Amino acid sequence: MSENKKRIRIGIMGGTFNPIHYGHLVTAEEALFQFKLDKVVFMPAGVPPHKRDKEILPPEERYLLTVIATAPNPDFVVSRLEIERKGPSYTVDTLLELHERYGPETDLFFITGADAVWEILAWKDAERLVELTEFIAATRPGYSLEKFKKLHVLPEGKGREKGKPRVSIIEIPSLAISSTDIRRRVREDRPIRYLVPEGVASYILKSGFWKD
Ligand code: ATP
Ligand code: MG
């Protein structure tokens, strides 16, 4: 393999996407641009191990909403990998499988909100994870970056020594949108237009999600 062969850079945007909203889409687009990624793979979680309740739509519905939301963007794709896996999904398994699929010329970038990266790096598989991927953590309204300093997770360019998480922090235009708030709005008959793509809003309303 030639030394200067261009490596492929793939972003992985994991989430429950219950439902997907503009906060997710803006974060993925900004990571794509800032890190010159070739594409971003949205990865709806199958059975989120730590979030099991009746509020969570079936995986196929969350997958569909994610496809609707990402359809207009040629650099966004949606993966069925986690929703098709039996049993709970762990990020480390997903990354191993993606490495296998894409091969050694590919670098993976795991994109998360600042809240989620904090949780991920506290998991027991954290050491394994940082060998498999770099992390791109987007600042999210309401989550302080102070914690990162305590964890010795340093901004881009630093913190890349062996055994230290490779985490870059990116700033995105603040969007105080969450799936939790969208579900609450639907339940209370408040508007969700302009918080989610139009097709996503229509599909949610016509399906009657979160109404009972
Ligand atoms: P919920 O309220 O149900 O937890 P959520 O809005 O946090 O939903 P998730 O599917 O849990 O959405 O999040 C997937 C990823 O997107 C996580 O890494 C999360 O930090 C990130 N994310 C979610 N909303 C935003 C936002 N408004 N800005 C930046 N990142 C976000
Ligand atoms: Mg969340």
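I took as a polar contact a pair of N or O atoms within 3.5 Å; within protein, one atom must be able to donate a hydrogen and the other to accept it, and residues adjacent in sequence count only if both atoms are side-chain atoms. The model I read is predicted, so local features need pLDDT of at least 70 and side-chain atom pairs count only at pLDDT 80 or more, while totals for chains, interfaces and linings use all residues. Residues are numbered from 1 along each chain as its sequence is written, chains are lettered from A and ligands numbered from 1 in the order in which they are written, and side-chain values use heavy atoms, with hydrogens and water left out.

**Ligand 1**

I looked up the polar contacts first, and found a backbone N or O atom of F17 at 3.1 Å from an oxygen atom of ligand 1. For the side chain of H21, an N or O atom is 2.9 Å from an oxygen atom of the ligand, and for the side chain of H24 I also noted 2.9 Å between an N or O atom and a ligand oxygen. Ligand 1 exposes 600 Å² when taken alone, and the protein buries 90% of that area (Shrake-Rupley, 1.4 Å probe).

I then listed the shell (a heavy atom within 4 Å): 22 residues surround ligand 1, and the closest are H21, G113, D115, S179 and T180. At least two shell residues each come from β1 (8-15), α1 (22-34), β4 (106-113), α5 (114-120) and α8 (179-187), where helices (H or I, at least four residues) and strands (E, at least two) are DSSP runs. By class, the shell holds six nonpolar, twelve polar and four charged residues, with Gly counted as polar.

**The loop between β1 and α1**

Which residue here has a positive phi although it is not a glycine? I found that F17 has a phi of about 50°, and that F17 is in the loop between β1 and α1. P19 lies in that loop too, and the peptide bond joining N18 and P19 is cis, with omega about 5°.

**Salt bridges**

I counted eleven salt bridges (a side-chain nitrogen of Lys or Arg within 4 Å of a carboxyl oxygen of Asp or Glu). In one of them the side chains of E55 and R183 meet, at 2.6 Å from N to O. Because E55 sits in the loop between β2 (39-44) and α2 (59-70) and R183 in helix α8, this pair ties together parts that are 128 residues apart in sequence.
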